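Subject: Structure handover

Hi,

Here is the structure I promised to pass on to you. Please open it beside this email, and then read on for what turned up in it.

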Amino acid sequence: LCSAPSEHDTLLMCVLLCLCALISAVRCVLPVQTQPEQVHVSYPGVKNSMLVTWSTADEAESVVEYGLWGGKLFSHTAKGNTSVFIDGGPENRTMYIHRVTLTDLIPAAAYVYHCGSGAGWSDIFYFTSLNESVSFSPRFALFGDMGNENPQSLSRLQKETQMGMYDVILHIGETADNGRIGDEFMRQIESIAAYTPYMTCPGNHEWAYNFSHYRSRFSMPGHTENLWYSWNIGPAHIISFSTEVYFYLDYGLDLLFRQYEWLQADLQEANRPENRAQRPWIITMGHRPMYCSNDDGDDCTQFQSYVRLGRNDTQPVAPGLEDLFYQYGVDLELWAHEHTYERLWPVYDYKVFNGSSEEPYVNPRAPVHIITGSAGCREKHDGFIPEPRDWSAFRSTDYGYTRMRLINNTHLYLQQVSDDQYGKVIDQMMLVKEKHGAHAWR
(Lines give C-alpha, C1' and ligand atoms only; values in the text may rest on other atoms or scores of the structure.)
Protein backbone atom coordinates (compact mmCIF):
# COMPACT_ATOMS: atom_id res chain seq x y z
CA LEU A 1 0.00 0.00 0.00
CA CYS A 2 1.16 3.54 -0.75
CA SER A 3 1.51 5.82 2.21
CA ALA A 4 -0.25 9.20 2.27
CA PRO A 5 1.95 12.12 1.24
CA SER A 6 3.78 13.74 4.10
CA GLU A 7 3.37 17.40 5.04
CA HIS A 8 6.79 18.05 3.50
CA ASP A 9 5.77 16.45 0.18
CA THR A 10 2.56 18.47 0.10
CA LEU A 11 4.44 21.72 0.72
CA LEU A 12 6.99 20.85 -1.99
CA MET A 13 4.20 20.07 -4.47
CA CYS A 14 2.54 23.43 -3.74
CA VAL A 15 5.84 25.27 -4.30
CA LEU A 16 6.39 23.46 -7.62
CA LEU A 17 2.84 24.20 -8.79
CA CYS A 18 3.24 27.90 -7.90
CA LEU A 19 6.60 28.04 -9.70
CA CYS A 20 5.13 26.45 -12.84
CA ALA A 21 2.22 28.89 -12.78
CA LEU A 22 4.62 31.82 -12.43
CA ILE A 23 6.78 30.62 -15.35
CA SER A 24 3.67 30.17 -17.46
CA ALA A 25 2.41 33.65 -16.57
CA VAL A 26 5.76 35.23 -17.44
CA ARG A 27 5.72 33.48 -20.79
CA CYS A 28 2.25 34.86 -21.46
CA VAL A 29 3.17 38.50 -20.79
CA LEU A 30 6.52 38.62 -22.57
CA PRO A 31 6.33 41.32 -25.26
CA VAL A 32 6.39 40.23 -28.88
CA GLN A 33 9.83 41.47 -29.85
CA THR A 34 8.94 41.63 -33.54
CA GLN A 35 5.71 43.59 -33.06
CA PRO A 36 5.84 46.94 -34.93
CA GLU A 37 5.51 50.12 -32.88
CA GLN A 38 6.23 53.85 -33.19
CA VAL A 39 4.74 53.95 -36.71
CA HIS A 40 5.00 57.24 -38.59
CA VAL A 41 4.91 58.49 -42.18
CA SER A 42 6.87 61.25 -43.91
CA TYR A 43 7.44 62.69 -47.37
CA PRO A 44 10.68 61.33 -48.85
CA GLY A 45 10.99 64.25 -51.27
CA VAL A 46 10.18 62.04 -54.29
CA LYS A 47 7.01 62.57 -56.32
CA ASN A 48 4.09 60.21 -55.70
CA SER A 49 5.78 58.57 -52.71
CA MET A 50 5.33 58.12 -48.96
CA LEU A 51 7.84 56.73 -46.48
CA VAL A 52 6.68 54.50 -43.60
CA THR A 53 8.98 54.08 -40.59
CA TRP A 54 8.59 51.90 -37.50
CA SER A 55 10.59 50.08 -34.82
CA THR A 56 10.87 46.58 -33.43
CA ALA A 57 12.87 45.20 -30.53
CA ASP A 58 14.07 42.22 -32.55
CA GLU A 59 15.01 41.64 -36.17
CA ALA A 60 12.15 41.16 -38.63
CA GLU A 61 11.27 41.82 -42.26
CA SER A 62 10.22 45.31 -43.39
CA VAL A 63 6.93 45.05 -45.27
CA VAL A 64 4.01 47.42 -45.89
CA GLU A 65 0.72 46.11 -47.28
CA TYR A 66 -1.55 48.84 -48.58
CA GLY A 67 -4.37 49.73 -50.93
CA LEU A 68 -6.67 52.54 -51.97
CA TRP A 69 -9.36 53.53 -49.49
CA GLY A 70 -12.57 51.79 -50.53
CA GLY A 71 -10.73 49.31 -52.73
CA LYS A 72 -9.38 45.85 -52.06
CA LEU A 73 -7.60 45.80 -48.72
CA PHE A 74 -3.82 45.37 -48.96
CA SER A 75 -3.80 44.95 -52.72
CA HIS A 76 -0.19 46.19 -52.90
CA THR A 77 2.96 45.10 -51.08
CA ALA A 78 6.21 47.02 -50.68
CA LYS A 79 9.41 45.88 -49.01
CA GLY A 80 12.13 48.03 -47.54
CA ASN A 81 15.19 47.84 -45.34
CA THR A 82 16.10 47.55 -41.67
CA SER A 83 18.86 49.42 -39.87
CA VAL A 84 20.27 48.45 -36.50
CA PHE A 85 20.37 51.22 -33.90
CA ILE A 86 22.31 50.72 -30.66
CA ASP A 87 21.32 53.13 -27.91
CA GLY A 88 24.36 54.97 -26.59
CA GLY A 89 22.86 55.03 -23.07
CA PRO A 90 23.67 52.73 -20.13
CA GLU A 91 21.32 49.99 -21.40
CA ASN A 92 23.20 49.77 -24.70
CA ARG A 93 20.08 48.14 -26.12
CA THR A 94 19.51 47.33 -29.77
CA MET A 95 16.55 48.59 -31.79
CA TYR A 96 15.60 47.76 -35.36
CA ILE A 97 14.39 50.71 -37.46
CA HIS A 98 12.33 49.73 -40.51
CA ARG A 99 11.81 51.95 -43.55
CA VAL A 100 9.63 51.23 -46.57
CA THR A 101 9.00 53.70 -49.40
CA LEU A 102 5.65 53.44 -51.18
CA THR A 103 5.98 54.59 -54.79
CA ASP A 104 3.72 55.33 -57.76
CA LEU A 105 0.95 56.60 -55.49
CA ILE A 106 -2.01 58.40 -57.02
CA PRO A 107 -1.71 62.09 -56.02
CA ALA A 108 -4.15 63.25 -53.33
CA ALA A 109 -5.60 59.73 -52.90
CA ALA A 110 -6.44 58.08 -49.56
CA TYR A 111 -4.64 54.82 -48.77
CA VAL A 112 -5.09 52.21 -46.04
CA TYR A 113 -2.00 50.37 -44.78
CA HIS A 114 -0.37 48.30 -42.08
CA CYS A 115 3.29 47.47 -41.58
CA GLY A 116 5.38 44.67 -40.15
CA SER A 117 5.90 41.09 -41.28
CA GLY A 118 4.68 37.56 -40.73
CA ALA A 119 6.18 37.88 -37.24
CA GLY A 120 3.76 40.70 -36.31
CA TRP A 121 1.62 43.40 -37.92
CA SER A 122 0.73 46.91 -36.79
CA ASP A 123 -2.77 48.31 -36.46
CA ILE A 124 -4.43 49.51 -39.67
CA PHE A 125 -3.75 53.18 -40.49
CA TYR A 126 -4.50 55.50 -43.39
CA PHE A 127 -2.92 58.51 -45.08
CA THR A 128 -3.52 60.80 -48.05
CA SER A 129 -0.75 60.95 -50.64
CA LEU A 130 0.75 64.31 -51.51
CA ASN A 131 -1.13 66.49 -53.94
CA GLU A 132 1.67 67.29 -56.38
CA SER A 133 -0.01 70.37 -57.91
CA VAL A 134 1.64 73.76 -57.34
CA SER A 135 -1.89 75.18 -56.94
CA PHE A 136 -2.57 72.86 -53.97
CA SER A 137 -3.49 74.74 -50.75
CA PRO A 138 -1.99 72.59 -47.97
CA ARG A 139 -3.02 72.79 -44.29
CA PHE A 140 -0.43 72.41 -41.53
CA ALA A 141 -0.28 71.98 -37.77
CA LEU A 142 2.86 73.59 -36.32
CA PHE A 143 4.37 73.14 -32.87
CA GLY A 144 7.54 72.43 -30.98
CA ASP A 145 8.55 71.29 -27.51
CA MET A 146 5.85 68.67 -27.02
CA GLY A 147 7.02 65.93 -24.68
CA ASN A 148 5.68 62.67 -23.37
CA GLU A 149 5.13 64.34 -19.98
CA ASN A 150 2.44 67.04 -19.97
CA PRO A 151 1.73 66.90 -23.74
CA GLN A 152 -1.13 69.34 -23.22
CA SER A 153 -2.08 69.78 -26.88
CA LEU A 154 -1.80 66.13 -27.90
CA SER A 155 -5.42 65.01 -27.53
CA ARG A 156 -6.76 67.93 -29.56
CA LEU A 157 -4.15 67.33 -32.26
CA GLN A 158 -5.01 63.61 -32.31
CA LYS A 159 -8.66 64.34 -32.92
CA GLU A 160 -8.09 67.04 -35.52
CA THR A 161 -5.55 64.93 -37.41
CA GLN A 162 -7.84 61.92 -37.56
CA MET A 163 -10.67 64.21 -38.70
CA GLY A 164 -8.49 65.09 -41.71
CA MET A 165 -7.88 68.74 -40.80
CA TYR A 166 -4.18 68.67 -41.73
CA ASP A 167 -2.11 67.62 -44.71
CA VAL A 168 1.22 67.87 -42.87
CA ILE A 169 2.51 68.14 -39.29
CA LEU A 170 5.63 70.26 -38.68
CA HIS A 171 7.29 69.42 -35.35
CA ILE A 172 9.81 72.22 -34.86
CA GLY A 173 12.26 70.47 -32.56
CA GLU A 174 12.39 68.90 -29.11
CA THR A 175 10.93 65.45 -29.52
CA ALA A 176 10.91 64.21 -25.92
CA ASP A 177 14.56 63.33 -25.37
CA ASN A 178 16.04 59.89 -25.98
CA GLY A 179 16.03 56.28 -24.79
CA ARG A 180 12.93 54.86 -23.12
CA ILE A 181 11.41 58.33 -22.89
CA GLY A 182 11.84 58.67 -26.63
CA ASP A 183 10.13 55.31 -27.12
CA GLU A 184 7.14 56.45 -25.12
CA PHE A 185 6.94 59.72 -27.04
CA MET A 186 7.06 57.92 -30.40
CA ARG A 187 4.24 55.64 -29.25
CA GLN A 188 2.19 58.67 -28.20
CA ILE A 189 2.54 60.52 -31.49
CA GLU A 190 1.69 57.40 -33.52
CA SER A 191 -1.95 58.49 -33.24
CA ILE A 192 -0.96 61.57 -35.30
CA ALA A 193 2.15 60.60 -37.20
CA ALA A 194 0.86 57.30 -38.62
CA TYR A 195 -1.93 59.22 -40.40
CA THR A 196 -0.31 62.48 -41.52
CA PRO A 197 3.25 63.15 -42.73
CA TYR A 198 5.29 64.13 -39.69
CA MET A 199 8.16 66.42 -40.66
CA THR A 200 10.77 67.37 -38.05
CA CYS A 201 13.89 69.32 -37.22
CA PRO A 202 16.30 68.67 -34.32
CA GLY A 203 16.04 70.51 -31.00
CA ASN A 204 18.24 70.79 -27.94
CA HIS A 205 16.63 67.86 -26.07
CA GLU A 206 17.86 65.48 -28.76
CA TRP A 207 21.53 66.34 -28.11
CA ALA A 208 22.60 63.08 -26.39
CA TYR A 209 25.06 60.78 -28.19
CA ASN A 210 25.45 63.27 -31.05
CA PHE A 211 21.70 63.38 -31.78
CA SER A 212 21.81 59.66 -32.59
CA HIS A 213 18.22 58.96 -31.50
CA TYR A 214 16.88 61.78 -33.67
CA ARG A 215 19.06 60.76 -36.63
CA SER A 216 17.90 57.15 -36.37
CA ARG A 217 14.21 57.39 -35.44
CA PHE A 218 13.03 59.79 -38.16
CA SER A 219 13.13 59.61 -41.97
CA MET A 220 13.32 62.97 -43.69
CA PRO A 221 14.24 63.77 -47.33
CA GLY A 222 17.83 63.96 -48.49
CA HIS A 223 20.93 62.25 -47.15
CA THR A 224 21.86 64.35 -44.11
CA GLU A 225 20.47 62.07 -41.36
CA ASN A 226 17.47 64.40 -40.94
CA LEU A 227 19.60 67.32 -39.71
CA TRP A 228 18.84 69.63 -42.64
CA TYR A 229 16.73 69.12 -45.76
CA SER A 230 14.14 70.81 -47.99
CA TRP A 231 11.03 69.75 -49.84
CA ASN A 232 8.19 71.23 -51.88
CA ILE A 233 4.47 71.31 -51.27
CA GLY A 234 1.89 73.39 -53.14
CA PRO A 235 3.27 76.90 -53.74
CA ALA A 236 5.97 76.56 -51.06
CA HIS A 237 9.56 75.47 -50.68
CA ILE A 238 10.10 74.42 -47.04
CA ILE A 239 13.56 74.29 -45.48
CA SER A 240 14.29 72.47 -42.22
CA PHE A 241 17.63 72.98 -40.49
CA SER A 242 19.46 72.54 -37.19
CA THR A 243 20.06 75.49 -34.90
CA GLU A 244 21.89 73.10 -32.57
CA VAL A 245 25.06 73.19 -34.70
CA TYR A 246 25.65 76.63 -33.13
CA PHE A 247 25.63 75.22 -29.58
CA TYR A 248 27.01 71.67 -29.51
CA LEU A 249 30.44 72.40 -30.96
CA ASP A 250 31.90 69.29 -29.30
CA TYR A 251 30.22 67.30 -32.07
CA GLY A 252 32.25 69.17 -34.67
CA LEU A 253 32.34 72.69 -36.04
CA ASP A 254 32.28 71.24 -39.55
CA LEU A 255 28.54 70.51 -39.20
CA LEU A 256 27.85 74.24 -38.82
CA PHE A 257 29.76 75.12 -41.99
CA ARG A 258 28.40 72.19 -43.99
CA GLN A 259 24.87 73.22 -43.10
CA TYR A 260 25.51 76.88 -43.96
CA GLU A 261 26.93 75.93 -47.37
CA TRP A 262 23.97 73.62 -47.98
CA LEU A 263 21.48 76.35 -46.98
CA GLN A 264 23.16 78.82 -49.31
CA ALA A 265 23.05 76.38 -52.24
CA ASP A 266 19.45 75.36 -51.53
CA LEU A 267 18.28 78.99 -51.33
CA GLN A 268 20.09 79.81 -54.58
CA GLU A 269 18.31 76.93 -56.30
CA ALA A 270 14.92 77.90 -54.84
CA ASN A 271 15.45 81.47 -56.09
CA ARG A 272 16.11 80.54 -59.68
CA PRO A 273 13.38 82.49 -61.54
CA GLU A 274 11.62 79.38 -62.86
CA ASN A 275 11.59 77.79 -59.37
CA ARG A 276 10.47 80.89 -57.48
CA ALA A 277 7.70 81.44 -60.05
CA GLN A 278 6.32 77.94 -59.35
CA ARG A 279 6.85 77.95 -55.57
CA PRO A 280 7.06 81.59 -54.50
CA TRP A 281 6.80 80.97 -50.73
CA ILE A 282 10.05 80.08 -48.97
CA ILE A 283 9.46 78.96 -45.38
CA THR A 284 12.14 77.90 -42.90
CA MET A 285 11.83 75.89 -39.67
CA GLY A 286 14.50 75.69 -36.98
CA HIS A 287 14.29 75.12 -33.25
CA ARG A 288 15.94 78.07 -31.45
CA PRO A 289 14.65 81.51 -32.55
CA MET A 290 16.66 84.55 -33.56
CA TYR A 291 14.30 86.83 -31.64
CA CYS A 292 12.04 86.46 -28.59
CA SER A 293 10.86 88.57 -25.66
CA ASN A 294 11.11 85.86 -23.02
CA ASP A 295 12.75 86.37 -19.62
CA ASP A 296 14.91 83.23 -19.46
CA GLY A 297 18.20 84.48 -20.91
CA ASP A 298 18.09 82.13 -23.91
CA ASP A 299 20.03 82.89 -27.10
CA CYS A 300 17.05 84.68 -28.66
CA THR A 301 16.93 87.18 -25.79
CA GLN A 302 20.45 88.37 -26.65
CA PHE A 303 21.20 90.98 -29.29
CA GLN A 304 24.29 88.95 -30.20
CA SER A 305 22.24 85.81 -30.86
CA TYR A 306 24.37 82.96 -32.23
CA VAL A 307 21.63 81.86 -34.60
CA ARG A 308 21.02 85.40 -35.85
CA LEU A 309 24.56 86.78 -36.06
CA GLY A 310 26.84 83.74 -35.77
CA ARG A 311 29.79 83.10 -33.46
CA ASN A 312 33.05 85.04 -33.44
CA ASP A 313 34.62 82.74 -30.82
CA THR A 314 35.25 79.98 -33.36
CA GLN A 315 38.05 79.54 -35.87
CA PRO A 316 37.04 80.36 -38.52
CA VAL A 317 34.23 82.72 -37.46
CA ALA A 318 30.82 81.02 -37.82
CA PRO A 319 28.26 82.95 -39.91
CA GLY A 320 24.74 83.60 -38.63
CA LEU A 321 21.51 83.09 -40.57
CA GLU A 322 19.62 86.39 -40.52
CA ASP A 323 21.53 88.00 -43.40
CA LEU A 324 21.40 84.77 -45.44
CA PHE A 325 17.64 84.41 -45.09
CA TYR A 326 17.09 88.11 -45.79
CA GLN A 327 19.37 88.04 -48.84
CA TYR A 328 17.36 85.22 -50.42
CA GLY A 329 13.93 86.59 -49.56
CA VAL A 330 12.70 84.03 -47.03
CA ASP A 331 9.06 84.91 -46.37
CA LEU A 332 8.27 83.14 -43.09
CA GLU A 333 10.53 81.76 -40.35
CA LEU A 334 9.06 79.21 -37.92
CA TRP A 335 10.66 78.59 -34.53
CA ALA A 336 9.98 76.94 -31.15
CA HIS A 337 12.22 76.32 -28.05
CA GLU A 338 10.53 79.04 -25.99
CA HIS A 339 7.52 77.44 -24.27
CA THR A 340 5.27 80.26 -25.39
CA TYR A 341 3.71 81.66 -28.56
CA GLU A 342 4.94 84.89 -30.09
CA ARG A 343 4.15 86.56 -33.43
CA LEU A 344 6.59 89.21 -34.59
CA TRP A 345 6.17 92.16 -36.88
CA PRO A 346 8.24 91.87 -40.06
CA VAL A 347 11.76 92.35 -38.70
CA TYR A 348 15.36 92.54 -39.83
CA ASP A 349 18.39 93.65 -37.82
CA TYR A 350 16.15 94.46 -34.82
CA LYS A 351 14.15 96.96 -36.93
CA VAL A 352 10.48 96.66 -37.88
CA PHE A 353 9.64 96.76 -41.61
CA ASN A 354 5.86 96.61 -41.78
CA GLY A 355 4.14 96.84 -45.13
CA SER A 356 2.23 99.87 -43.81
CA SER A 357 0.89 101.06 -40.46
CA GLU A 358 -2.64 100.01 -41.46
CA GLU A 359 -1.68 96.65 -43.04
CA PRO A 360 1.65 95.53 -41.56
CA TYR A 361 1.51 92.05 -43.13
CA VAL A 362 0.59 93.19 -46.63
CA ASN A 363 3.79 93.32 -48.68
CA PRO A 364 6.08 93.49 -45.64
CA ARG A 365 9.68 94.51 -46.24
CA ALA A 366 11.31 91.83 -44.07
CA PRO A 367 10.67 88.22 -43.04
CA VAL A 368 7.93 87.36 -40.52
CA HIS A 369 8.86 85.22 -37.49
CA ILE A 370 6.51 82.91 -35.55
CA ILE A 371 7.56 81.16 -32.31
CA THR A 372 5.30 78.21 -31.46
CA GLY A 373 6.84 76.18 -28.64
CA SER A 374 3.90 75.85 -26.27
CA ALA A 375 2.47 72.41 -27.16
CA GLY A 376 3.23 71.17 -23.63
CA CYS A 377 6.16 69.40 -21.93
CA ARG A 378 7.50 68.64 -18.47
CA GLU A 379 9.23 72.02 -18.24
CA LYS A 380 5.85 73.79 -18.32
CA HIS A 381 5.69 77.46 -19.46
CA ASP A 382 8.35 80.12 -19.99
CA GLY A 383 7.75 83.73 -19.00
CA PHE A 384 7.94 87.03 -20.86
CA ILE A 385 9.66 90.29 -19.98
CA PRO A 386 7.04 92.83 -18.79
CA GLU A 387 7.34 95.17 -21.76
CA PRO A 388 7.40 93.54 -25.23
CA ARG A 389 10.08 94.56 -27.70
CA ASP A 390 9.17 96.88 -30.56
CA TRP A 391 9.14 93.96 -32.97
CA SER A 392 6.79 91.82 -30.83
CA ALA A 393 3.21 91.94 -32.15
CA PHE A 394 1.40 89.33 -30.01
CA ARG A 395 2.41 86.86 -27.32
CA SER A 396 0.75 84.26 -25.11
CA THR A 397 1.76 81.76 -22.44
CA ASP A 398 -1.25 79.50 -23.10
CA TYR A 399 -0.56 75.92 -24.08
CA GLY A 400 -1.41 75.46 -27.74
CA TYR A 401 -0.28 75.07 -31.33
CA THR A 402 -0.43 76.87 -34.66
CA ARG A 403 -2.44 76.19 -37.81
CA MET A 404 -1.17 77.36 -41.19
CA ARG A 405 -2.86 77.37 -44.59
CA LEU A 406 -1.01 78.18 -47.80
CA ILE A 407 -3.95 79.59 -49.69
CA ASN A 408 -2.22 80.51 -52.96
CA ASN A 409 0.87 82.26 -54.35
CA THR A 410 0.08 85.49 -52.54
CA HIS A 411 -1.87 84.63 -49.36
CA LEU A 412 -0.85 82.61 -46.28
CA TYR A 413 -3.06 82.34 -43.18
CA LEU A 414 -2.00 81.54 -39.60
CA GLN A 415 -4.04 80.84 -36.44
CA GLN A 416 -2.89 80.21 -32.88
CA VAL A 417 -5.07 77.72 -30.97
CA SER A 418 -5.19 77.87 -27.16
CA ASP A 419 -5.59 74.48 -25.54
CA ASP A 420 -6.04 76.22 -22.18
CA GLN A 421 -9.12 77.91 -23.66
CA TYR A 422 -10.57 74.68 -25.09
CA GLY A 423 -9.45 75.21 -28.67
CA LYS A 424 -10.20 78.94 -28.96
CA VAL A 425 -8.33 80.80 -31.70
CA ILE A 426 -6.49 83.53 -29.80
CA ASP A 427 -4.43 85.00 -32.66
CA GLN A 428 -4.59 85.08 -36.44
CA MET A 429 -2.70 86.67 -39.28
CA MET A 430 -3.04 86.89 -43.06
CA LEU A 431 0.34 87.35 -44.72
CA VAL A 432 0.00 88.85 -48.21
CA LYS A 433 2.97 88.90 -50.59
CA GLU A 434 2.37 90.25 -54.10
CA LYS A 435 6.12 89.98 -54.68
CA HIS A 436 8.52 87.33 -53.37
CA GLY A 437 12.30 87.36 -53.18
CA ALA A 438 14.84 89.88 -51.95
CA HIS A 439 13.48 92.55 -54.30
CA ALA A 440 10.26 92.47 -52.23
CA TRP A 441 12.10 94.20 -49.38
CA ARG A 442 12.70 97.35 -51.43
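The search for enclosed space gives three cavities of 30 Å³ or more. Please keep in mind that this is a predicted model.

**Cavities**

The largest cavity holds about 80 Å³ of space. Its lining is made up of N210, F211, R215, L227, S242, E244, V245, Y248, Y251, G252 and L255. Which helix gives the largest share of that lining? Helix 4, residues 208–217, does, with three residues. Sorted by character, the lining of the largest cavity has six nonpolar residues, three polar ones and two charged ones.

**Aromatic pairs**

Next, the rings. Over the whole structure, the search finds 24 aromatic pairs. One of them joins Y113 and F127 in a tilted arrangement, with 5.6 Å from centre to centre and 55° between the planes. This pair links distant parts of the chain, as Y113 belongs to strand 7 (residues 110–117) and F127 to strand 9 (residues 125–128), 14 residues apart. Are these two residues buried or exposed? Both Y113 and F127 are buried.

Another pair to look at is Y326 with Y348, which is stacked: the ring centres are 3.8 Å apart and the angle between the planes is 15°. Here too the pair links distant parts of the chain, with Y326 in helix 8 (residues 322–327), Y348 in strand 20 (residues 347–348), and the two positions 22 residues apart. The two partners fall on either side of the 20% cut-off for burial. Y348 has a relative accessibility of 18%, so Y348 counts as buried. Y326 has a relative accessible area of 21%, and therefore Y326 is classed as partly exposed.

**An aromatic cluster**

Y113 and F127 come up again in a wider group. One aromatic cluster is formed by Y66, W69, Y111, Y113, F125, Y126, F127 and Y195. If you colour these residues in your viewer, you can follow the tilted pair of Y113 and F127 within the cluster.

**Charges over rings**

Finally, two arginines have their charged ends placed over aromatic rings. Where does the charged end of R308 sit? It lies over the ring of F303, 4.7 Å from the ring centre. The charged end of R311 sits over the ring of Y306, with 4.0 Å to the centre of that ring.

Happy to talk any of this through once you have had a look.

Best wishes

Conventions:
Residues numbered from 1 in each chain as written. Predicted model: local features only at pLDDT ≥ 70, side-chain atom pairs only at ≥ 80, totals over all residues. Heavy atoms only, no water. 1 Å grid on protein atoms, 1.4 Å probe; cavity = no way out; pocket = protein on both sides within 12 Å on 5 of 7 lines; lining within 4 Å. Points joined across faces, edges and corners; volume = space filled by probe spheres on them. Helix = DSSP H or I, 4+ residues; strand = E, 2+ residues; numbered from the N terminus. Nonpolar A, V, L, I, M, F, W, Y, C, P; charged D, E, K, R; others polar. Phe/Tyr/Trp six-rings, centres within 6.5 Å; stacked < 30°, edge-to-face > 60°. Buried < 20%, exposed > 50% of the residue type's maximum accessible area, 1.4 Å probe, protein only. Lys NZ or Arg CZ within 6 Å of the ring centre and 35° of its normal.
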